[in-house]
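Colleague: Hi! Could you walk me through a few spots in this model?
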Amino acid sequence: MKVEGLVSIVTGGASGLGEAAVKRLVEEGSKVVIADMDEERGNKLAGQYDSSKVIFVKTDVTKEEDVKNLVDKTLEKFGKIHVLINCAGIVAHGHIFSKSTTADVFKKIMQVNVIGTFNVSKAVAHVMVKQEPIGETKERGVIINVSSIAGLEGARGMSIYSASKGAIIGMTVPMARDLGSSGVRVITIAPGIMITEMARPILESKDPQTETLKKITALGRFGEAHEFAETCIGMIKSSYITGAVIRLDGGNRYPHL
């Protein structure tokens with residue numbers, strides 16, 4: 001699909017990888033709905049563009065009523081939904097024996113990362129499958145979920161986070177099979193260590209642990225948010241990719257950490 005003229009939703013779109021995706025989608029000519037809990041940042045980002053092209057909808061992805069409102073507002077404003085990028089997510093660190101590694105923390109992470117991804121994907125898929133197909137490939141939409149290399153090979157102290165991101169990977173092929181005959185593709189991107197606004201001071205430091213992480217990455221550096229956004233654009237345009245998990249990690253491998 002050509003990105004120009006499409007309507008996209010980006011959850012977690014007010015900051016980090018989601019914000020980068022929003023900006024790149026707009027550059028490509030897509031109309032975008034920013035879904036996030038952060039009203040201040042969301043409205044500020046949306047305010048950088050014409051309201052006929054970008055809007056913000058406050059959304060808690062764990063609440064089905066919020067997700068319904070997101071879909072309703074998108075259709076009310078733009079009439080269709082062609083692209084969904086599920087960036088909303090939270091992180092948890094802690095050794096399995098740590099007092100902070102509790103069932104309540106596990107439930108919270110799963111609620112946001114897994115159930116949140118499921119809620120939005122399901123609601124948007126219901127809209128996509130009813131739309132008129134686009135172009136020769138007869139596509140109706142593409143859902144891009146965001147996992148992590150932690151979902152494939154998590155480091156120490158990442159049991160809870162890795163479980164949530166592994167669950168997203170586990171949904172990829174079944175969702176792609178469920179929706180493929182309706183012209184909807186499903187792809188998961190599994191980023192490695194990416195430099196975002198919040199993480200930049202830490203990841204650009206000369207801390208020994210930071211330097212070790214760079215050394216075990218084949219390209220010798222961390223990824224930039226714009227590289228994630230560019231990958232999303234590539235996945236939207238690549239009409240024969242579905243059911244795939246794309247590692248975006250610069251060749252990072254850390255089995256010894």
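Colleague: Which residues is Ser-239 in contact with, leaving aside its neighbours within four places in sequence?
Modeller: Happy to help! This is a predicted model, and in it Ser-239 is in contact with Met-1, Thr-137, Glu-139 and Arg-185. With Met-1, the backbone nitrogen lies 3.2 Å from a polar atom of the Ser-239 side chain.
Colleague: And how far apart are Ser-239 and Arg-185 in sequence and in space?
Modeller: They are 54 residues apart along the sequence, yet their C-alpha atoms are 8.1 Å apart.
Colleague: Where is Ser-239 found?
Modeller: Ser-239 sits in the loop between H9 and strand S9 (244-248). Its relative accessible area is 27%, so it counts as partly exposed.
Colleague: What about Thr-231, is that buried or exposed?
Modeller: Thr-231 is buried, because its relative accessible area is 15% and the cut-off for buried is under 20%. Its place is in helix H9, residues 225-237.
Colleague: What does Thr-231 touch, not counting residues up to four places away?
Modeller: Thr-231 touches Ile-189 and Leu-248. There is also a polar atom of the Thr-231 side chain 2.8 Å from the backbone oxygen of Glu-227.
Colleague: New topic: at roughly what angle do the axes of H4 and H6 cross?
Modeller: The axes of H4 (residues 103-128) and H6 (residues 159-180) cross at roughly 20 degrees and come within 9 Å. That angle is under 35 degrees, so H4 is roughly parallel to H6. The crossing is right-handed.
Colleague: Which residues make that contact?
Modeller: Among them are Phe-106 and Ile-109 of H4, and Ile-168 and Met-171 of H6. By class, the contact has 15 nonpolar, four polar and one charged residues.

Technical notes. Residues are numbered from 1 along each chain as its sequence is written. This is a predicted model: local features need pLDDT of at least 70, side-chain atom pairs count only at pLDDT 80 or more; totals for chains, interfaces and linings use all residues. Side-chain values use heavy atoms; hydrogens and water are left out. Helices (H or I, at least four residues) and strands (E, at least two) are DSSP runs, numbered from the N terminus. Buried means under 20% relative accessible area, exposed over 50%, partly exposed in between (1.4 Å probe, protein chains only). A polar contact is a pair of N or O atoms within 3.5 Å; within protein, one must be able to donate a hydrogen and the other to accept it, and residues adjacent in sequence count only if both atoms are side-chain atoms. Contact means heavy atoms within 4.5 Å. Axes are lines fitted to C-alpha atoms, for helices over the stretch in contact, and angles run from 0 to 180 degrees between N-to-C directions. Angles under 35 degrees count as roughly parallel, over 145 as roughly antiparallel, 65 to 115 as roughly perpendicular and the rest as oblique. A crossing is left-handed if the near helix is turned anticlockwise from the far one by less than a right angle, and right-handed if clockwise. Ala, Val, Leu, Ile, Met, Phe, Trp, Tyr, Cys and Pro count as nonpolar, Asp, Glu, Lys and Arg as charged, and the others, Gly among them, as polar.
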